[in-house]
Every structure is written in C-alpha cells, then in structure tokens.
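Here are some exercises to work through with the model open in your viewer. Try each task yourself before reading its solution.

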Amino acid sequence: MTTPVTDALPPLDEVLSGSAVVSVPLTTRFRGVEHREAVLLRGPAGWSEFSPFTEYGDAEAAMWLAAAIDFGWRESGAAVLRESILVNATLPAVAPDRIEAVLARFDGCRTVKIKVAERGQTLADDVERVRETRRLIGAEGRIRLDANGAWNLDEAEHAVRALEQFDLEYVEQPCASIDELAELRRRIHRIDVLVAADESVRKAADPLAVARAGAADILVIKAAPLGGIDRALTIVEAAGLPAVVSSALDTSVGLAMGAALAARLPSLEFDCGLGTGALLGDDVAVPPVAPVAGAIGTGRVEVDADALRRLAAPDERAQWWRARLERCYALLMGDAR
Ligand SMILES: O=C(O)CCC(=O)c1ccccc1C(=O)O
Ligand SMILES: [Mg+2]
C-alpha cells in the first residue's frame, strides 16, 4: 500500500514554520507517562499534530508525519457524513476507588473502555475494576476492555471467561499476535464476546493481515499511525469489518483529525475512543475537544496562543522533536523518490 502525500510534500521549512512543541499534563498517568508531548503544525488547511510516542523508531514515526502533513496541508475528498461523534470514556488501570472520579470527567459517555492486563497487576485487579465500573454505570452502560496485547492465549481465554459476567461489548487486542487472536476467537466463540484488533492494525507491516486472517470482529483505527484519513478510510473499506476510530492520547488537534476520519466512515456502529481530551489536565485549543453529552464535534479546532506559551515544551525537548520530525521528513522524501 502506498503512503499518500509523499508525492507532494510541502518544503520542510514550510512544515516547521509556525510549528510549536508542547508538553501537556495528564490528569491520570497513562502508558507510564504524566505528560503528553506533541508538535503542532500550522498548514494551509488548518492545525495539525505530529505526536508519535517517544519510544517509536523513525520508520514508524514517519507514518505519523505523513498523516500530520496530510491533515494540515489538504482537505480529504471524502464526504462528511456526520457532524458529531459518540465517544467512549477511557479508564486507565486505576484502583476501584478512583474510577468514579475519572468517569466524571467524561460527560454523558454511555460506553467505558477499561484498560486491563496492566503490568504489575493481576486478573483480580481487573475483575474488581470492571465490577466497580459496571456498578457505577448500571446495566445500560457498555463496557469494552483493552489489554494492549499483554495476555498470552491461555491468560486471555481465562480472563475473558472471568470478565464476561460483566457483559462486555468487546475485548481489544487481548493477545499480541494475529495467530493468537484468531485462536482466541475460536476458543471463545460460544460466549458472546467480540475481539477487536488495535496494535495488529496500526503497528503491523500490513494493516489488512488481521482481517484477512479472520482474527478480529472489529478494527480499531487510528488516523496518525495509518498515514492519515484517506489511507485509513481505504484500509477500513478493504477490511470489510466494523471500525472504531480511536485516539493516541492526542491533544485536541490530533483528536480533531480522528473526528474528521470518524465523520467520513460510511458506517459507524460503535462509540469511538476520541474522548481522551478528558484525560488531559490542560489543552491547546479553546474550547478543547472533549465529550459533551457523550459526543465530540467533527470540525477543525483553533489553537490558542496563550496555551502555546503556557504549554511550551522545555528547549531540549523541543529540539529533540524538531530533529525527529526532520529525520521522518527525510524518510518520507526517500519514499517519494
Ligand atoms: O480508545 C480509547 O478509548 C482511547 C485511546 C487509547 O486507549 C490509547 C491511547 C494511547 C495509546 C494506546 C491506546 C490504545 O487504544 O491502546
Ligand atoms: Mg488499544
């Protein structure tokens, strides 16, 4: 599959002019970090965001740059089909006594995605977290789980059997590999729990392999790692599976890219993981992209100059991000040749 935009990259100095590196505090520790760093880019189509996780190598991060340039420098040709997107609350692997306070940040969300299989915790911790969430949201609420591939096959089967009593919408990336996901689906097909693939889409050399292998019921789709909105739309269409658009814990600018993708999906059956603005302790846009009555809008956002000053990353981090962006840009230029 080819990467769009590489045949028409804007010059590097244009990409960097007007850019800002920010460090946004999180209210709740997530993926082991307390601040989310991002480069905001100002393109002719609007604000965009480049924020691959810091541990990613340049080849993987280059896809995020392709997506960022795509969103900032051109408008998707696909039709906008909806003006607001229902989103889920995202619950980090917190202790039961903190769940209520985290969920209170997600105004009106009827669906909760619960992080499970956290390193250093046990299945008993997951059971208590899911039990308390179900108690708080009541029978009408929807619960999905995300294990980020941390269970092996037997652990996943055991965990799904222990947790299905709480009525699960689906379990996201229960195991790391496509083969394990396929085998888990066979093992649990009698209990009505669906399997969603996330890392098996966004970190795979071939994002369609998981669908082809029949290893998932649902695809979790993130615009940035998949190289942008149009490429993500192509992947969903080719996969022929229901899709859930999700964030990478982006700022409001990255969330707006996710919302722009969700707005263009021909079919959207599940609430999207784009409510994570509620986990940020501050944001770059006024108003921020955060759930109101369980939904977010799908338009572009304006970045606030005061917020850019307030959230400016330390010099050394800003230099690190600009150097990384330049290396990724060089990779994309190489691809185009
Ligand atoms: O889908 C959501 O509810 C929010 C996004 C999310 O969980 C996430 C955020 C950052 C990195 C990885 C993930 C993930 O889905 O695994
Ligand atoms: Mg996930």
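**Exercise 1: the ligand shell**

Task: Which of the 13 residues around ligand 1 come nearest?

Solution. Counting a residue as near when its C-beta atom, placed from the backbone, lies within 6 Å of the molecule, the nearest of the 13 residues around ligand 1 are Thr90, Lys113, Ser246, Leu249 and Gly273. Next, sort the shell by type: two residues are nonpolar, seven polar and four charged. Here Ala, Val, Leu, Ile, Met, Phe, Trp, Tyr, Cys and Pro count as nonpolar, Asp, Glu, Lys and Arg as charged, and the others, Gly among them, as polar.

Some ground rules: this is a predicted model, in which local features need pLDDT of at least 70 and side-chain atom pairs count only at pLDDT 80 or more, while totals for chains, interfaces and linings use all residues. Residues are numbered from 1 along each chain as its sequence is written, with chains lettered from A and ligands numbered from 1 in the order in which they are written.

**Exercise 2: two annotated lysines**

Task: Are Lys115 and Lys222 buried or exposed?

Solution. Start with the record: an unreviewed UniProt entry lists Lys115 and Lys222 under "active site", and such annotations may be inferred rather than shown by experiment.

Then place Lys115 in strand β6 (residues 111-115); strands are DSSP E runs of at least two residues, and helices are H or I runs of at least four. Lys115 is buried because 21 other C-beta atoms lie within 10 Å, the cut-off being 20 or more (12 or fewer is exposed, in between partly exposed; C-beta atoms are placed from the backbone).

Lys222 sits in the loop between β10 (218-221) and α9 (229-239), and Lys222 is also buried, with 24 other C-beta atoms within 10 Å.

Finally, list contacts (C-beta atoms, placed from the backbone, within 7 Å). Leaving out residues up to four places away in sequence, Lys115 touches Leu91, Pro92, Ala93 and Asp146. With neighbours within four places set aside, Lys222 contacts Arg202, Ser246 and Ala248. Ser246 is also one of the residues that come nearest to ligand 1.

**Exercise 3: the domains**

Task: How far apart are the C-alpha centres of domain 1 and domain 2?

Solution. An automatic or database assignment sets the bounds: domain 1 is 6-77 + 306-336 and domain 2 is 84-304. Their C-alpha centres are 23 Å apart. The contact takes 27 residues from domain 1 and 30 residues from domain 2.

Key:
Contact = placed C-beta atoms within 7 Å.
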